[in-house]
Amino acid sequence: SYAIRSKSILLLMVLVAVAMICALFFARTITDNLMRITDAAKRFVNGEHEFDLPIEGQDEVGALARTLENMINQVGLRDEALRESEMRFSGIIELAREGIISLDEKQNIILFNRGAEKIFGYNNEEILGKQLEILLPKAVREQHQSQIQEFSVSKEFSKIMQKKKNLYSLTKSGKQFPMEAS
């Protein structure tokens with residue numbers, strides 16, 4: 001009876017040891033795969049698009065990896081479509097004969113197309129980042145600033161600002177000319 005008991009305890013210890021080794025192996029496998037997924041997500045946030053994801057598994061981790069891979073692919077396709085759209089838009093804006101100027105919230109010039117270059121005499125490099133006031137005659141600059149202040153606080157005034165207006169502008173050479181703004 002003592003021998004059977006000893007063999008049973010020994011067998012139980014071996015089974016426990018095997019179970020622990022298997023548990024550690026599976027835990028390590030799951031942890032490694034989750035770390036690969038986490039690493040891929042971090043690298044994706046930093047702009048990388050090539051990853052080694054554990055997509056072959058049929059468990060929840062494999063499903064998560066396949067979902068992340070699908071999401072990354074979809075974002076890549078959307079990024080490419082956005083770049084193509086931006087290029088088309090940029091080409092249209094750049095080649096337009098009309099002068100197109102865009103401003104940021106501080107009235108800095110952030111877009112100045114070729115049409116605007118021809119009209120105002122400035123090239124892109126020397127005008128981008130400058131205040132819009134550089135294109136306005138001194139006599140109307142103060143009025144323009146007060147209109148901008150009103151625009152920022154009044155809904156009614158913002159509706160008025162959306163309509164086309166006849167203004168005077170100033171070329172690089174100092175020549176004033178009438179223009180339409182909207």
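Start by selecting K172, which at 45% relative accessibility counts as partly exposed; that label covers the range between buried (under 20% relative accessible area) and exposed (over 50%), computed with a 1.4 Å probe on protein chains only. The model is predicted, so local features need pLDDT of at least 70 and side-chain atom pairs count only at pLDDT 80 or more, while totals for chains, interfaces and linings use all residues. Residues are numbered from 1 along each chain as its sequence is written, and side-chain values use heavy atoms, with hydrogens and water left out.

**Stop 1: K172 and E126**

Keep K172 selected and add E126. The two form a salt bridge, with their closest N and O atoms 2.9 Å apart. A salt bridge here is a side-chain nitrogen of Lys or Arg within 4 Å of a carboxyl oxygen of Asp or Glu. K172 lies in the loop between β3 (165-170) and β4 (176-181) and E126 in helix α4, so the pair ties together parts that are 46 residues apart in sequence. Helices (H or I, at least four residues) and strands (E, at least two) are DSSP runs, numbered from the N terminus.

Now look at E126 by itself. Helix α4, which holds E126, covers residues 124-127. E126 is partly exposed, with a relative accessible area of 26%. What does E126 touch, not counting residues up to four places away in sequence? E126 touches G121 and K172, where contact means heavy atoms within 4.5 Å. The side chains of E126 and K172 are also joined by a polar contact of 2.9 Å. A polar contact is a pair of N or O atoms within 3.5 Å; within protein, one must be able to donate a hydrogen and the other to accept it, and residues adjacent in sequence count only if both atoms are side-chain atoms. Next, show the backbone of N123: its nitrogen lies 2.9 Å from a polar atom of the E126 side chain. To compare with a residue further along the chain, pick G174: its C-alpha atom is separated from that of E126 by 16 Å, and the two are 48 residues apart along the chain.

**Stop 2: T171**

Go back to the loop between β3 and β4 and select T171. Is T171 buried or exposed? At 10% relative accessibility, T171 counts as buried. Its side chain makes a polar contact of 3.0 Å with the side chain of S173. Leaving out residues up to four places away in sequence, T171 touches I119, F120, Y122 and F177.

**Stop 3: the nonpolar cores**

Three of those contacts of T171, namely F120, Y122 and F177, belong to the largest nonpolar core. Select all 9 of its residues: I109, F112, A116, F120, Y122, I127, L132, L135 and F177. A nonpolar core is a set of buried Ala, Val, Leu, Ile, Met, Phe, Trp, Tyr and Cys residues joined through side-chain atoms within 4.5 Å. Two elements, β2 (109-112) and α3 (114-120), give two or more residues each to this core. A second, separate core has 8 residues, including A40, L53, V61 and A65. In soluble globular proteins, nonpolar side chains tend to be buried together.

Return to A116. Apart from its neighbours within four places in sequence, A116 is in contact with E98, G99, I100, I101 and G121.

**Stop 4: aromatic rings**

Select F112, F120 and F177, which form one aromatic cluster. The structure holds 3 aromatic pairs. Rings of Phe, Tyr and Trp (its six-membered ring) pair if their centres lie within 6.5 Å; planes under 30 degrees apart count as stacked, over 60 as edge-to-face and the rest as tilted.

Then move to F25 and F26. Their ring centres are 5.4 Å apart and their planes are at 65°, so the pair is edge-to-face. F25 is exposed at 53% relative accessible area, and F26 is exposed at 51%.

**Stop 5: salt bridges along the helices**

How many salt bridges are there? The count comes to 7. Side chains of opposite charge can pair when their charged atoms come close.

Select D32 and R28, a salt bridge with the closest N and O atoms 3.4 Å apart. Being 4 residues apart in helix α1 (residues 2-45), D32 and R28 are separated by about one helical turn. D32 is partly exposed at 34%, whereas R28 is exposed at 54%.

Next select E80 and R83, whose closest N and O atoms are 3.0 Å apart in their salt bridge. Both lie in helix α2 (residues 60-95), 3 residues apart, about one turn of the helix. E80 is partly exposed at 37%, and R83 is partly exposed at 42%.

Finish with D39, R43 and E48, which are joined into one network by salt bridges that share partners.
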